[in-house]
Every structure is written in C-alpha cells, then in structure tokens.
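Here are my notes for you, written as a friendly walk through the model. Keep the picture open beside you as you read.

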2 protein chains.
Amino acid sequence: MEEALAQDRMYQYLHQQFDMTEAEWSKYAAGMSVINVDAKFILQEAGQRVTKFYFLVEGLVRFYYVTPEGKELNKGFYAENNIVGSLSALIMNEDCRFYVETLEPCCLVELPYSRDAAMWANSSEWQLVFNRCCQFMLVRNERREAELLTLSTKQRFLQFVQNFPEYLERIPQYHIASYLGITPVALSKYKNQWLSEL
Amino acid sequence: MEEALAQDRMYQYLHQQFDMTEAEWSKYAAGMSVINVDAKFILQEAGQRVTKFYFLVEGLVRFYYVTPEGKELNKGFYAENNIVGSLSALIMNEDCRFYVETLEPCCLVELPYSRDAAMWANSSEWQLVFNRCCQFMLVRNERREAELLTLSTKQRFLQFVQNFPEYLERIPQYHIASYLGITPVALSKYKNQWLSEL
DNA sequence: CGGTCCTATTAAACTAGTTTAATGACAGCG
DNA sequence: CGCTGTCATTAAACTAGTTTAATAGGACCG
C-alpha cells in the first residue's frame with residue numbers, strides 16, 4: 001500500500017478514537033515508516049528487546065507464545081485498525097514474551113518507542129494515545145483471560161465463531177485450535193458437531 | 001486499622017511508586033474514606049456499576065467470575081499494597097464483570113472515580129496514578145492469560161506455589177483449585193505428588 | 001506429469017481431568 | 001457434651017481431551 005494512504009488511515013483512526021489533531025499528528029508523522037510485508041513475516045520475536053510497536057493498516061497478524069518444549073500457543077489474532085506489539089514489554093522495559101507474525105500480507109505503520117522520546121514524553125496528545133492504547137489492551141486481555149478461565153472448550157469455540165466469523169476462513173484451523181488451547185485433532189473431531197448446535 | 005495510619009500507608013505507596021507529592025496527595029485525601037471490613041465481605045458485585053476502586057492496605061481479597069450455571073472461578077488473589085477493583089469497567093464505562101470479596105479482614109482506602117471528577121480530570125499527578133495502575137493491571141492480566149494458555153495444570157500449580165508460597169496457608173484449597181481451573185477433587189488428588197517433585 | 005509439502009480428517013489407545021458420593025477432621029455453638 | 005457446617009480426602013465410573021499414526025486432498029514446483 002502507498003505510504004501516504006497508510007499514514008492517512010492511521011491518522012483517521014487516531015483522530016476518531018483519540019481526538020488527535022492534525023497539527024500534532026504531522027509533527028511526528030515523519031518519524032514513522034510504513035512497511036509492507038508478506039505473510040509469515042515475524043514482526044517481533046520473543047526474548048528480544050522491544051523498541052517499537054505498530055499500527056496495522058491492512059492484513060492479519062497473530063501473537064503467539066512458544067513453550068520451552070517448542071509448542072506454539074496463539075495468544076490472539078488482530079486485523080486492520082489495531083495496535084500491534086507488546087505494550088507490556090515497553091511498560092516493564094523488558095524483553096518481549098511472545099512472537100508477532102503476519103498471517104496475510106500486511107501494511108503497517110511503525111511507531112518507534114522510547115521512554116524519553118519527545119513524542120511520548122512531551123506531547124500530551126501522544127501520551128493520551130499511548131495511555132488509551134494501554135487501556136484498550138487491558139480490556140482486551142481481561143476478556144481473553146475471562147474466556148480461558150470461565151468457558152469450556154466448546155463455549156470458547158462458539159464464542160470465537162460469533163465474535164470473528166470471518167476468521168474461520170482467513171485462519172488455518174490448526175491456528176484456531178491453538179488459540180482455543182486444544183490440538184487440531186480435537187478441533188477437527190468436534191467442530192461440525194459444535195457448529196450444528198447453533 | 002486507624003484511618004490516619006491507613007492513609008499514610010497509601011501515601012507511602014503512591015509516593016514510592018509514582019512520585020506522588022505530599023501537596024497533591026493532601027489535596028484529595030479528604031475525599032477518600034478508610035473502611036475496615038470482615039472476611040467474606042463483598043466489595044464489588046458483577047453486574048453492578050463501578051463508581052470507585054480501592055487501595056488495599058491490609059488483608060487479602062479474591063476476584064471471581066460466576067458462570068450462568070452458578071460456578072465460581074477465581075480470577076486472582078491480591079494482598080496488601082495493591083489496587084483492587086475493575087479498572088476495565090471504569091475505562092469502558094460498563095458494569096463490572098466479576099466479584100471482589102475479602103478473604104481476610106481487610107483495611108481499604110476507597111477511591112471514588114468518575115471520568116470528570118476534578119481529581120482525575122485536572123490533576124496530572126492523579127492522572128499519572130490512574131494510568132500507571134492501568135499499566136500494572138495490563139501486565140498482571142497478560143501474565144495470567146499466558147499462564148492459562150501455555151501452562152499445564154501441574155505447571156500452573158507449581159508456578160502458583162513458587163510465586164505465592166504463603167497463599168497456600170492463607171487461602172482455602174478449593175479456592176486455589178478454582179484459580180487453577182480445576183475441581184478441588186483433582187487438586188487434592190495430585191497436590192502431594194506435584195509438590196514432591198520440587 | 002509426478003513428487004513433495006502442507007493441512008485436515010479419522011481412528012485407536014491412552015491420560016488427565018470430571019462428577020458423584022461417602023468419609024473423616026475440625027471448629028463453632030447450643 | 002453432641003450437633004451442625006465447612007473443608008479436605010478418597011474412590012469409582014465416566015468424559016473430554018491427548019498422542020500417535022495412517023490417509024487423503026490440494027497447492028505448488030520441477
């Protein structure tokens with residue numbers, strides 16, 4: 001995607017969500033590069049320092065943990081108009097705990113972050129953006145935590161289908177199984193039975 | 001606990017964690033009441049509006065969800081020097097999704113919250129407090145989410161024992177089972193076997 | 001066209017949990 | 001004292017998942 005268009009999409013988002021002004025936006029927009037990457041591109045590795053996060057203009061990404069045994073567990077999927085990256089690693093100033101990988105070709109705007117960068121330390125509008133992003137992430141993570149704790153596998157699957165019906169097509173089934181916390185074998189076994197009960 | 005002592009404990013916490021100044025603190029300290037409650041006291045109900053949150057000076061509380069079938073699932077346990085309440089309900093301006101109940105006699109400082117209250121809207125120091133609290137919650141929830149997703153029941157139990165060894169004594173075993181996402185029967189069955197492997 | 005890789009399905013044996021129920025330990029209380 | 005309620009343990013039957021492995025379809029590639 002065109003750089004100018006991507007930046008414009010991001011500005012629209014910030015303007016609508018956080019009342020970002022055009023003046024404040026253009027002050028720092030130059031510091032943000034637009035990147036276009038293929039599917040299966042690793043945007044962030046677990047164990048690595050986090051120096052930026054992203055605004056996802058177009059495409060689809062997954063966040064996933066890798067256990068010491070090498071098993072991948074999908075933390076979540078995020079599509080266009082989402083903040084993508086580990087804010088908690090930025091907050092705690094520690095290495096990232098999960099991977100971020102594209103599932104489709106993606107267009108992203110990079111937001112460089114450092115605690116004392118002018119943009120984040122001196123601009124109250126950009127501080128607001130960061131704080132509101134943290135708040136949204138908090139809500140997002142709390143919902144996911146509640147799902148994992150309180151719902152059965154079947155309920156989690158049905159909720160997933162309700163919340164993101166289009167993801168069933170866009171995401172390979174074994175990734176969805178990993179998101180639900182079961183094996184692909186189990187999902188294949190029960191999927192149709194579960195769906196027929198809707 | 002004495003009101004003055006409780007407020008002082010809270011100020012110490014805010015000062016150390018967020019560089020709260022004594023001037024700014026005393027400006028709003030009068031609006032905060034100190035309450036002492038017994039064990040098994042419900043501080044916040046699911047389905048109710050959230051109008052405040054708490055600083056826990058002393059004691060121990062649990063957060064728990066209740067499923068439509070009436071099953072209780074413990075979201076977490078929090079002890080002294082913690083912010084307690086549903087910040088996500090405040091952020092989203094929606095009803096609380098979980099209950100907050102004391103497990104021991106507790107001393108708490110009430111923090112009334114409304115989006116346009118002077119304390120939160122006009123004081124940058126108190127805004128910082130709220131934002132940092134959201135950040136800590138974000139990190140706390142993300143860790144819990146990761147545990148639920150990536151660890152086996154046995155691993156979750158051992159991690160719980162490592163992280164909060166004293167909670168094994170302070171919290172009834174059936175509450176711990178619910179925190180781990182299993183039945184008390186299963187916990188009793190495997191507990192000693194798991195512990196002996198340490 | 002045939003080979004290779006990737007994903008989904010199916011089956012069989014197994015394991016980690018559940019549900020229900022009975023039993024015992026202990027605390028508080030009349 | 002005995003009664004009652006609460007919590008932990010144990011056992012037995014059951015269920016929802018796992019693991020491993022075999023099979024098949026589709027996409028891509030030389």
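1. Let us begin where the two chains meet. Across the interface of chain A and chain B there are six salt bridges, a salt bridge being a side-chain nitrogen of Lys or Arg within 4 Å of a carboxyl oxygen of Asp or Glu. One of them pairs Glu94(A) with Arg143(B), with 3.2 Å between the closest N and O atoms.

2. Before going further, a word on the ground rules. This is a predicted model, in which local features need pLDDT of at least 70 and side-chain atom pairs count only at pLDDT 80 or more, while totals for chains, interfaces and linings use all residues. Residues are numbered from 1 along each chain as its sequence is written, chains are lettered from A and ligands numbered from 1 in the order in which they are written, and side-chain values use heavy atoms, leaving out hydrogens and water.

3. How many residues of each chain are in contact across the interface? Chain A brings 35 residues and chain B brings 35, where contact means heavy atoms within 4.5 Å. On the side of chain A that touches chain B, α5(A) gives the most, with 17 residues (helices are DSSP runs of H or I with at least four residues, strands are runs of E with at least two, and both are numbered from the N terminus).

4. Now look at Glu142(A), which forms a salt bridge with Lys75(B), their closest N and O atoms being 3.6 Å apart. Glu142(A) lies in helix α5 of chain A and Lys75(B) in strand β5 of chain B, so this pair joins two chains. Both Glu142(A) and Lys75(B) are buried (buried is under 20% relative accessible area, exposed over 50%, and partly exposed in between, with a 1.4 Å probe and protein chains only).

5. Chain B also has salt bridges within itself. Glu24(B) and Lys27(B) form one at 3.4 Å between the closest N and O atoms; they are three residues apart in helix α2, about one helical turn. Glu24(B) is buried at 12%, whereas Lys27(B) is exposed at 54%.

6. Arg170(B) and Glu104(B) meet in another salt bridge, 2.8 Å from N to O. This one links distant parts of the chain, 66 residues apart.

7. Finally, the cysteines: there are zero disulfides over all chains, a disulfide being a pair of cysteine sulfur atoms within 2.5 Å. Why does Cys106(A) not form a bond with Cys107(A)? Their sulfurs are 8.6 Å apart, too far for a bond.
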